[in-house]
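Here is a short briefing for a newcomer. Have the sequence and the model open as you read.

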Amino acid sequence: MKSSRSICEDYVGIRKRACPRNKLNYGMKIILLIAVTNLVTIFFINGPLSTFYYSNSISQSNSLNSTALILKLNTIEHELIKSQSYAEGLKIELESARLMAQELLSTIEDKGQNIESEYNDLLSDIGEEVKLALGFHKLPLGPTQNMGSEIMFSYGSRCLKLKEELKKYMSYQVGGECPIDDVSAQKLTLMGCEPLPRRRCHPKSPINYVEPTPLPKSLWSIPPDTSLVWDSYPCKNYTCLTQRWRYPGTYDCKDCFDLGRREAYRWLSEREIDYSIDRVLALKPNGTIRIGLDIGGGSGTFAARMMERNITILTTSMNFDAPFNSFISSRGLLSMHITISQRFPFFENTLDIVHSMHVLSNWIPETMFEFILYDIYRILRPGGLFWLDHFFCSVTQLNETYVPMFNRVGFKALKWNTGKKGDKGVDKNELYLSALFEKPMT
């Protein structure tokens with residue numbers, strides 16, 4: 001029988017049981033090992049090397065995160081420095097722009113004061129009514145791109161105050177070709193130099209000009225591109241003009257060159273503030289509306305509708321951004337290139353009808369507007385019709401300014417309809433007015 005010693009010394013792989021003799025020594029060794037381990041741990045944590053150990057362990061565990069964070073902070077700092085520099089530069093530019101705008105406003109104000117002073121000298125001692133009729137008036141809605149300023153002139157003596165512009169307009173070779181200056185010439189008229197002086201030169205002729213389309217087909221046909229000189233206009237052909245309504249941009253009468261869209265249906269039906277030509281003509285004995293005027297008639301569609309009914313209409317128009325007068329004439333209609341500032345070139349009591357759509361509205365100074373109404377009254381025959389089409393203003397203006405004005409002029413209202421105008425927002429409280437007036441027979 002083996003002794004306890006021999007049994008304890010039999011090890012094959014893993015020991016199956018502790019030796020009874022060495023059990024206490026083994027346990028003491030384990031306890032001693034644990035104690036020593038704890039003491040060493042306490043020494044490193046709380047001893048003189050604790051700070052080094054702790055900081056070194058954090059540094060090792062977070063070294064990658066710290067590096068990335070530092071790089072990111074450096075990047076942010078660099079971007080902030082760039083943004084601050086950009087903001088400083090922008091601040092300088094804004095201040096410069098403010099000073100330029102202030103200087104420009106001051107120049108405009110000084111120019112306006114100079115013009116007022118000049119006109120006061122020219123119009124001194126001639127009576128208040130003459131001053132109102134021949135002087136200048138400020139646009140109630142402010143400066144416009146087409147007018148070039150906030151001042152609207154009403155008499156041709158302004159030509160003498162535009163010496164440099166007039167000198168440029170009259171600079172050409174006598175008997176030669178006139179310069180391509182349609183835009184600057186039109187601007188002269190808008191600045192009060194109207195009518196323009198005659199010139200002894202020949203206007204440039206279109207290249208490869210062909211005979212116009214015969215009536216009545218021409219009324220609803222797009223003329224060939226060779227029918228006019230395109231140098232003065234943004235579009236260089238009629239394809240561009242008829243398609244410009246498809247693209248962004250602000251133009252005068254943007255879609256009226258496309259005769260297949262709204263132009264094809266204008267004045268054919270009666271709806272709210274839209275009057276039909278046939279209903280208007282029916283108000284007078286058949287055949288008594290024969291000749292008339294369309295003020296600011298766009299591309300001439302009103303005159304075309306009237307010609308289909310054997311009525312002759314002369315259309316006035318300006319060439320803002322497009323060849324309106326050339327287009328009207330190509331349709332076989334009469335056009336006249338004049339502003340609304342001047343006395344209409346007709347004798348008194350001669351026209352059967354005067355029409356205007358959009359052009360006569362509250363953008364015109366009130367005093368000038370009243371002179372225009374009296375001039376329309378002058379050229380209409382007794383019983384003649386004044387068709388005010390889509391006039392726009394605020395509700396307050398209509399009640400306080402324009403209704404009393406219409407009454408003062410002496411028109412008799414045959415039709416009167418209003419509708420909301422919301423393109424600038426309902427808060428503007430604007431409206432459209434369409435009205436049909438008659439000049440009294442007596």
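**Strands, core and surface**

Six bridges join strand β6 (residues 351–357) to β7, and the two run parallel. This is a predicted model. Start with β7, then move to the core and the surface.

**Strand β7 and its partners**
- In the β6 pairing, Val354 stands opposite Phe386 of β7.
- Strand β9 (residues 430–438) also pairs with β7, through eight bridges. This pair runs antiparallel.
- Trp387 has Leu436 in β9 as its bridge partner.
- A right-handed β-α-β unit is made by β6, helix α11 (residues 366–379) and β7.
- Strand β7 spans residues 380–394, and 14 of its 15 residues are buried, so the rest of the structure largely encloses it.

**The largest nonpolar core**
- This core has 31 residues. Leu293, Val354, Leu360, Phe369, Ile376 and Phe386 touch the most other members.
- Two or more core residues come from each of β3 (291–295), β6, α11, β7, α12 (395–409) and β9.
- Helix α11 gives the largest share, six residues.
- In soluble globular proteins, nonpolar side chains tend to be buried together.

**A nonpolar patch on the surface**
- Leu69, Leu73, Ile76 and Leu80 form a nonpolar patch on the surface.
- Together these four have about 390 Å² of accessible area.
- Leu73 lies in helix α3 (residues 50–122).

Technical notes: Residues numbered from 1 in each chain as written. Predicted model: local features only at pLDDT ≥ 70, side-chain atom pairs only at ≥ 80, totals over all residues. Heavy atoms only, no water. Patch = residues over 30% accessible without salt bridge, like charges linked within 9 Å, V, L, I, M, F, W, Y side chains within 5 Å. Areas by Shrake-Rupley, 256 points an atom, 1.4 Å probe, with all protein chains shown as cover. Salt bridge = Lys/Arg side-chain N within 4 Å of Asp/Glu carboxyl O. Helix = DSSP H or I, 4+ residues; strand = E, 2+ residues; numbered from the N terminus. Buried < 20%, exposed > 50% of the residue type's maximum accessible area, 1.4 Å probe, protein only. Pairing = 2+ DSSP bridges. Right-handed = clockwise from strand over helix to strand, strands pointing away. Core = buried A, V, L, I, M, F, W, Y, C linked by side-chain atoms within 4.5 Å.
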